[in-house]
Amino acid sequence: MSPVSVRVPAKINLCLGVGPVRDDGYHPLATVYQAVDLHDEVRAVVREDDAITVTVHSDVDARSEVAVVPVDDDNLAVRAARLLRDRTGVSAGVDLAIRKVIPVAGGMAGGSADAAASLVACNEAWGTGLARPALEVLAGQLGSDVPFLLHGGNAVGGGRGETVSPVLARGSYHWVFAMAHEGLSTKAVFAEFDRINEGRTVAEPAVPDALLAALRAGDAEALGDALSNDLTEAALSLRPELEDTLSIGIEAGALGAILSGSGPTALFLASDEQHSLDIAFALTSAAGCADVVQSRGPVPGARLI
Ligand code: ATP
């Protein structure tokens, strides 16, 4: 029963178009995802009995938020293992250990990443042998961002985010992430989006052509100009201090600055390693910023190590 380990990246949304709320309560999304090199690890060890357990730990001092990650059936990695087991008829259990680096409730899909990693790890540990397309179907049932985290790289996301199609892209990008002291609930940000837009006409979302052109050309400057996020107003309404964080990065010369998904993590695009160091240094003075991380993207999705 040797352990199986899987590394899984965080995601950022280079654009996030949000449409009018649907009858099922979800919002249609038009997004371009990029997987970035901030990785969680999920280790799976098969059990003799049928229990599925999870532990969560972090080596990063600033991330005391791991305490709020559930260690029961609400953990998305456990849900993923259960779903795989139900679909394949396996009888064994598994012990899952998550090493958390992706900020919790940071708009970087850490829970979804762990679900994607758990699918890949348990599929290997239990020898269930599902091929990628079958895992992708299960991923879509677990959450909107889970299919992309299997996929990795750059991709266009449609539906409520779960339909993923590859995008023609060149280049590797330098990012700086400003993590906030406390997470933001995705549900609360969407509720605020609905409140703000009550009585307004919300257009069907679309991926901006300028963003796709920038990615095709591998042009970081054009990409910086094309970054967009329809949840900005809602997230800033709940966390006004994020405006300062964004301004500090822009003043430090970032090519573009937006919130990651529903926030509160802020993203800054840099032109190279030195530029990214300068922006990171400037951000250390932002009161709302708990931690600053330099990162690169795109990177592959959930992979065995
Ligand atoms: P997204 O970008 O997908 O909207 P997020 O990055 O803002 O999500 P997550 O870190 O995925 O947020 O966590 C949201 C909530 O999900 C947490 O507050 C926690 O209660 C719950 N959760 C369940 N399983 C996990 C997990 N493995 N890791 C982190 N959070 C989890």
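Visitor: Where does the ligand sit?
Guide: Happy to show you. This is a predicted model, and its ligand is surrounded by 22 residues. The closest of them are Ala 105, Ala 109, Gly 111, Asp 145 and Thr 186. As for the site, the ligand sits in the largest pocket.

Visitor: Which helix gives the largest share of the shell around the ligand?
Guide: Let's look at the shell by composition, then by origin. Its residues divide into 10 nonpolar, seven polar and five charged. Four residues, the largest share, come from one helix, residues 110-125. That helix is α2.

Visitor: Which residue has a side-chain N or O atom 3.1 Å from a nitrogen atom of the ligand?
Guide: Let's go through the polar atoms one by one. An oxygen atom of the ligand has a backbone N or O atom of Ala 109 at 2.8 Å. A polar side-chain atom of Asp 145 also lies 2.8 Å from an oxygen atom of the ligand. The nitrogen atom of the ligand is 3.1 Å from the side chain of Asn 75.

Visitor: How much of the ligand's accessible area does the protein cover?
Guide: Start from the ligand on its own, which has 610 Å² of accessible area. The share of this that the protein covers is 80%.

Visitor: How many residues apart are the partners of the aromatic pair?
Guide: A search of the whole structure finds one aromatic pair. Tyr 33 and Phe 148 form it, with 4.5 Å centre to centre and 10 degrees between the planes; because planes under 30 degrees apart count as stacked, this pair is stacked. Tyr 33 belongs to strand β2 and Phe 148 to helix α4, so the pair, by the DSSP runs, links distant parts of the chain. The separation is 115 residues.

Visitor: What is unusual about the phi of Ala 105, and what is its value?
Guide: Good one to check on your screen. Most residues other than glycine have a negative phi. Ala 105, in the loop between β4 and α2, is not a glycine, yet its phi is positive. The value is about 50 degrees.

Visitor: Which residue does a cis peptide bond join to Gly 263, and which to Gly 297?
Guide: Most peptide bonds are trans. The bond from Gly 263 is cis, with omega about 5 degrees, and its partner is found in the loop between β9 and β10. The bond from Gly 297 is cis too, with omega near 5 degrees, and leads into the loop between β11 and β12. The partners are Pro 264 and Pro 298.

How values were computed: Residues numbered from 1 in each chain as written. Predicted model: local features only at pLDDT ≥ 70, side-chain atom pairs only at ≥ 80, totals over all residues. Heavy atoms only, no water. Near = heavy atom within 4 Å. Polar contact = N/O pair within 3.5 Å; in protein donor to acceptor, adjacent residues only side chain to side chain. Areas by Shrake-Rupley, 256 points an atom, 1.4 Å probe, with all protein chains shown as cover. 1 Å grid on protein atoms, 1.4 Å probe; cavity = no way out; pocket = protein on both sides within 12 Å on 5 of 7 lines; lining within 4 Å. Sits in = over half its atoms within 2 Å of the grid points. Helix = DSSP H or I, 4+ residues; strand = E, 2+ residues; numbered from the N terminus. Nonpolar A, V, L, I, M, F, W, Y, C, P; charged D, E, K, R; others polar. Phe/Tyr/Trp six-rings, centres within 6.5 Å; stacked < 30°, edge-to-face > 60°.
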